[in-house]
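Subject: The structure I promised you

Hi,

Here is the structure we talked about, so you can open it and follow along. Have a look at it before you read the rest.

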Amino acid sequence: VRLNPFSGPQRGSVEWTVAIPTFRVQNPEPGVMDQITLAGSHVRLEPLEPRHVDVLCAVAFEPRIWEFSRTLLQVREDVERYVARALAGRDAGTAMPFVTIAADTEQVVGSTRFENMDLAERRVEIGWSWLNPRWWRTPINTEAKYLMMRHAFSAWGCVRVEFRVHVANERSLASIQAIGAVKEGVLRRRLLYRDGTYRDLVYLSILEDEWPAVRALLERKLAT
């Protein structure tokens, strides 16, 4: 890129050369994103498919899950729309949704996804994460985040993994900070809630140079 910021009879012409970085991963073409399964000791994340509607219905109708979300799953039709929207994001190349499976029982216990994916700029969001309360305070959520971040940083070469949390959702905020994410700030009136009001969102992130320490922290936690 060459810029000539000066003009006029008494100023010389100056050229700047700006190096454009070469990214290791390009955004996938819509509809052709490779599906992946991420597996650990406590959890397995498998690609979300329409066949998962029934098993998600078995764990999704607990109201506490949706207290701070604009999503509200109460009946099967809600789950069908939820899955359809997630798969539309997958087909557009902007999301990669999973079902969350407890490794010890092989039971689907929730869902999560990569969202707002921009692999050309080497950044993704981890979000839309929920578990049935029966599996709260278990290693499942921690290991799921670990597996997703490991894939983002190691396989995709991301420089940034980000999270966003409803400002009043203290439990989720604490859990994300506990895995090493840095709070960046609050975006006011960022989310249109299902009751028509606007809610504030907290943004957090982990950067590639922070990942080795975060990875070591999570591996120690998961080993205990």
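Below is what I found, starting with the pockets and ending with a few single residues.

One thing to keep in mind: this is a predicted model.

**The largest pocket**

The largest pocket holds about 1,200 Å³ of space. Its lining is made of 43 residues, and the closest to the centre are Trp 128, Ser 129, Trp 130, Asn 169 and Ser 172. If you want to find the walls, look for the elements that give two or more residues to the lining: strand 6 (107-118), strand 7, helix 3 (139-155), strand 8 (160-166), helix 4 (170-178) and strand 9. Which of them gives the most? That would be strand 7, with 7 residues. As for chemistry, the lining divides into 18 nonpolar, 14 polar and 11 charged residues.

**The second largest pocket**

The second largest pocket has a volume of about 170 Å³. Among the residues lining it are Arg 70, Thr 71, Leu 72, Leu 73, Asp 78, Arg 81 and Trp 128. Helix 2 provides the largest share of this lining, 5 residues. Here the split is 5 nonpolar, 1 polar and 5 charged.

**Asp 78**

Asp 78 is worth a click while you are there. You'll find this residue in helix 2 (residues 76-92), and it is one of the residues that line the second largest pocket. Is Asp 78 buried or exposed? Its relative accessibility is 14%, so it counts as buried, the cut-off being under 20%. Leaving out residues up to four places away in sequence, Asp 78 touches Leu 72 and Leu 73, and both of those leucines also line the second largest pocket.

**Two residues with a positive phi**

Some background for this part: most residues other than glycine have a negative phi. Trp 128 goes the other way, with a phi near 50°. This tryptophan sits in strand 7 (residues 123-131) and is partly exposed, at a relative accessible area of 22%. You have met Trp 128 already, as one of the residues closest to the centre of the largest pocket and as part of the lining of the second largest one.

Arg 189 is not a glycine either, and its phi is positive too, at about 50°. Look for Arg 189 in strand 9 (residues 182-192). Its relative accessible area is 66%, so this arginine is exposed.

Have fun clicking around!

Terms used
Residues are numbered from 1 along each chain as its sequence is written. This is a predicted model: local features need pLDDT of at least 70, side-chain atom pairs count only at pLDDT 80 or more; totals for chains, interfaces and linings use all residues. Side-chain values use heavy atoms; hydrogens and water are left out. Helices (H or I, at least four residues) and strands (E, at least two) are DSSP runs, numbered from the N terminus. Buried means under 20% relative accessible area, exposed over 50%, partly exposed in between (1.4 Å probe, protein chains only). Contact means heavy atoms within 4.5 Å. On a 1 Å grid over the protein atoms alone, a cavity is a set of points where a 1.4 Å probe fits but cannot get out, and a pocket is an open set with protein on both sides within 12 Å along at least five of seven lines; lining residues have an atom within 4 Å of a point. Grid points are joined across faces, edges and corners, and a volume is the space filled by probe spheres set on the points. Ala, Val, Leu, Ile, Met, Phe, Trp, Tyr, Cys and Pro count as nonpolar, Asp, Glu, Lys and Arg as charged, and the others, Gly among them, as polar.
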